[in-house]
Amino acid sequence: MMWYWGGGVHWWAWLLGLVGMLAFWAVIVWAIWYFVSGMTGRPAEPPPASSDAKRILDERLARGEIDPEEYRRLLGVIHGDVGASADGRPPVSTGG
């Protein structure tokens with residue numbers, strides 16, 4: 001009876017198979033995680049607060065609750081303009 005003595009798989013082929021198998025399972029686990037985390041429906045980034053405030057201000061102007069002068073003043077407050085004050089008066093100059 002003759003036994004098979006040559007042509008076996010070398011060590012690098014075993015290593016290549018191991019790396020390939022680990023990569024395959026890593027891709028499978030990543031794909032499952034990606035789709036499951038995407039399905040949970042994380043809330044989208046909320047719009048900046050100033051856009052909500054401007055929208056409300058636009059609605060108040062459209063309904064006639066405020067006049068255009070008040071609208072401009074409040075819009076300046078929303079955008080953080082230095083010249084806008086809370087009571088509507090112009091800023092006081094120190095003359096310096």
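Buried residues have under 20% relative accessible area, exposed residues over 50%, and partly exposed residues fall in between (1.4 Å probe, protein chains only). By that rule Asp-58, at 30% relative accessibility, counts as partly exposed.

The structure on display is a predicted model, in which local features need pLDDT of at least 70 and side-chain atom pairs count only at pLDDT 80 or more, while totals for chains, interfaces and linings use all residues. Residues are numbered from 1 along each chain as its sequence is written, and side-chain values use heavy atoms, with hydrogens and water left out.

**Stop 1: residues 12–36**

Begin by selecting residues 12–36, which UniProt, in an unreviewed entry, annotates as "transmembrane region". UniProt positions follow the numbering used here, with feature names shortened, and such annotations may be inferred rather than shown by experiment. Over this range the chain is 100% helix and 0% strand, and the end C-alpha atoms lie 36 Å apart. Helices (H or I, at least four residues) and strands (E, at least two) are DSSP runs, numbered from the N terminus.

**Stop 2: the aromatic side chains of H1**

Next, show the side chains of Trp-30 and Tyr-34, both in helix H1 (residues 11–39) and 4 residues apart, about one turn of the helix. Rings of Phe, Tyr and Trp (its six-membered ring) pair if their centres lie within 6.5 Å; planes under 30 degrees apart count as stacked, over 60 as edge-to-face and the rest as tilted. The whole structure contains 3 aromatic pairs. In one of them, the ring centres of Trp-30 and Tyr-34 are 5.2 Å apart with planes at 20°, so this pair is stacked. Add Phe-35 to the selection: Tyr-34 and Phe-35 form an edge-to-face pair, 5.4 Å centre to centre with 75° between the planes. Trp-30, Tyr-34 and Phe-35 thus belong to one aromatic cluster. Within it, Tyr-34 is partly exposed at 45% relative accessibility, whereas Phe-35 is exposed at 53%.

**Stop 3: residues 55–74 and the salt bridges**

Move on to residues 55–74, listed by UniProt (unreviewed entry) as "domain: SHOCT". Here the chain is 80% helix and 0% strand, with 12 Å between the end C-alpha atoms.

A salt bridge is a side-chain nitrogen of Lys or Arg within 4 Å of a carboxyl oxygen of Asp or Glu. The count by this rule is 5 salt bridges. Select Asp-58 and Lys-54, whose side chains meet in one of them at 3.0 Å, N to O. Because these two residues are 4 residues apart in helix H2 (residues 49–63), about one helical turn separates Asp-58 from Lys-54. Lys-54 is partly exposed, with a relative accessible area of 30%.

Then select Glu-65 and Arg-63, which form a salt bridge at 2.9 Å, N to O. Glu-65 is partly exposed at 46%, while Arg-63 is exposed at 53%.

A further salt bridge links Glu-70 with Arg-73, the closest N and O atoms being 2.8 Å apart. Both residues lie in helix H3, 3 residues apart, about one turn of the helix. Glu-70 is partly exposed at 27%, but Arg-73 is buried at 19%. Back at the preceding pair, add Arg-60: salt bridges with shared partners join Arg-60, Arg-63 and Glu-65 into one network.

**Stop 4: helix H3 and the core**

Select H3 (residues 68–79). The expected span of a helix is 1.5 Å times one less than its number of residues; for the 12 residues of H3 this gives 16 Å, in agreement with the 16 Å between its end C-alpha atoms. Tyr-71, Arg-73, Leu-74, Leu-75 and Gly-76 are buried in this helix.

A nonpolar core is a set of buried Ala, Val, Leu, Ile, Met, Phe, Trp, Tyr and Cys residues joined through side-chain atoms within 4.5 Å. The largest such core has 5 residues, namely Leu-57, Ile-66, Tyr-71, Leu-74 and Leu-75. H3 gives the most to this core, with 3 residues.

Centre the view on Tyr-71. Leaving aside residues up to four places away in sequence, Tyr-71 touches Lys-54, Leu-57, Asp-58, Leu-61 and Ile-66, where contact means heavy atoms within 4.5 Å.

**Stop 5: the end of H3**

Finally, select Ile-78, also placed in H3 and partly exposed with a relative accessible area of 27%. Ile-78 and Ala-53 are 25 residues apart in sequence but 7.3 Å apart in space, C-alpha to C-alpha. Just after H3, Gly-80 adopts a positive phi of about 80°.
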